[in-house]
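A fresh page in the notebook, with a model to look through. I jotted things down in the order I looked them up, so feel free to follow along.

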Amino acid sequence: MKLIKLASISKKLCMGALGAFLLIFLPFHMGMNLCILRDDGGEWYRNVCHFMGTNYIVKVFEVVLLACVLFHIVLGIILAIENKMSRPVGYAVANKSKTHQGSKFMIWTGGILLVFLVIHFVDFYFAKTGLVTGKYVVKTEKVEKAFQEKAMKMQQGQLKEADLKELQAQYMAIQSLSGEKVAKNGKYFINLTKEELQQTCGKDFKDYEPDFYNMAKEKFHNNLFVVIYLLAFIALGIHLYHGVGSVFQTYGLNIEKYAKTIDILAVIYAIVIPLGFAIVPLKVLLTAM
Ligand code: HEM
């Protein structure tokens, strides 16, 4: 029974292409995360996040990526349901082939990753889109510039009584920022709550970004959160191991001669990527970062 009218092989080819694209995204994302570990008060990571949030090519890539993730999930669910429906009773003799054993886990590990992605997006990505609030970072020079522009207007008598009060409060709020609210290099106000952001920059100020560095550190100081992430990374490893093999198989590239090499590559990829992701929460939790 076909849930959507597309030959199974086309769906598999689509699934393989989407999967391959996601396999390329993960090393980039992992590399970006590893910048958190640099002992520079988050400067590198903040620069990378700023680039990711402002570069137009990255923005287009992000839309394509999110579409691929969504399509990969929907197609994966459809293929799993179709497989189940076409063989509801089960085989008399269990299929012991390696591919079959691996693909049995794909829907389950995929399900765990879907739950992880929902948690992950609520915790990080949605702060960028404004759907949830987080902690924010803003360049000190931009805050000072916005403040000076208002002070100038005040001197020219263009501000109302209420604006003057706001300006005064803003000045006090900026003066009171110190310690964990100012980056090591003094170039950023960091770790600001939405209220602090509005107090220091004014309500109409838009030039701020989520402070993913402090948000990640805060999350990863929580044991439960780290355990959830680590479990997801184990599921990711299993999913990736089969995923890599599956892409080669779907496109007929798993010729006998290279089968062993492909398998070794799949094992390396499936270990290195989840490990690279896991180092970040583990280091934050276990050290005084
Ligand atoms: C230590 C682990 C991780 C950390 C600290 C982390 C952090 C982040 C952050 C801060 C963002 C928002 C970045 C931005 O949009 O500028 C993000 C987005 C995203 N993450 Fe992760 N992530 C981790 C693991 C993962 C894993 C394992 C996956 C996939 C299975 C994943 C998938 C995504 C996706 C699809 C996005 C949205 C696209 C993007 O913004 O690049 N993340 N992550």
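**Entry 1: the ligand shell.** I sorted the residues of the shell around the ligand by character and got 18 nonpolar, three polar and two charged. I kept in mind that this is a predicted model. The shell counts 23 residues that surround the ligand. I noted the closest ones as H29, N33, Y45, H120 and K128.

**Entry 2: polar atoms at the ligand.** Next I looked up distances for some of those side chains. For H29, an N or O atom of the side chain sits 2.8 Å from a nitrogen atom of the ligand. For H120, I found 2.7 Å between a side-chain N or O atom and a nitrogen atom of the ligand. With K128 the ligand partner is an oxygen atom, 2.7 Å from a polar side-chain atom of the lysine.

I then asked which elements give two or more residues to the shell. My list reads helix 1 (8–34), helix 2 (43–54), helix 3 (56–86), helix 4 (98–129), helix 9 (223–250) and helix 10 (256–286). Helix 4 gives the most, with seven residues.

**Entry 3: the two domains.** I moved on to the domain division. Domain 1 is made of 8–88 + 95–134 + 219–286, and domain 2 covers 136–210. Their C-alpha centres are 39 Å apart. The contact draws 13 residues from domain 1 and 12 residues from domain 2.

How much area do domain 1 and domain 2 bury between them? I wrote down about 860 Å², with 50% of it on carbon and sulfur atoms. On the domain 1 side, E43, R46 and G134 supply 46% of the area buried against domain 2, which is more than any other three residues supply.

**Entry 4: helix 8.** I was curious about helix 8, residues 212–219. Is helix 8 largely enclosed or largely open? Six of its eight residues are buried, so the rest of the structure largely encloses this helix. I listed the buried ones as F212, Y213, N214, M215, A216 and K217.

**Entry 5: N191.** My last stop was a backbone angle. N191 has a phi near 55°, a positive value in a residue that is not glycine. I placed N191 in strand 2, residues 188–192. Buried or exposed, I wondered about N191? Its relative accessibility is 8%, so N191 counts as buried, the cut-off being under 20%.

Key
Residues are numbered from 1 along each chain as its sequence is written. This is a predicted model: local features need pLDDT of at least 70, side-chain atom pairs count only at pLDDT 80 or more; totals for chains, interfaces and linings use all residues. Side-chain values use heavy atoms; hydrogens and water are left out. A residue is near a molecule or strand if one of its heavy atoms lies within 4 Å of it. A polar contact is a pair of N or O atoms within 3.5 Å; within protein, one must be able to donate a hydrogen and the other to accept it, and residues adjacent in sequence count only if both atoms are side-chain atoms. Helices (H or I, at least four residues) and strands (E, at least two) are DSSP runs, numbered from the N terminus. Ala, Val, Leu, Ile, Met, Phe, Trp, Tyr, Cys and Pro count as nonpolar, Asp, Glu, Lys and Arg as charged, and the others, Gly among them, as polar. Buried means under 20% relative accessible area, exposed over 50%, partly exposed in between (1.4 Å probe, protein chains only). Domain bounds come from an automatic or database domain assignment. Contact means heavy atoms within 4.5 Å. Buried area is the accessible area (1.4 Å probe) that two parts lose on being put together, summed over both.
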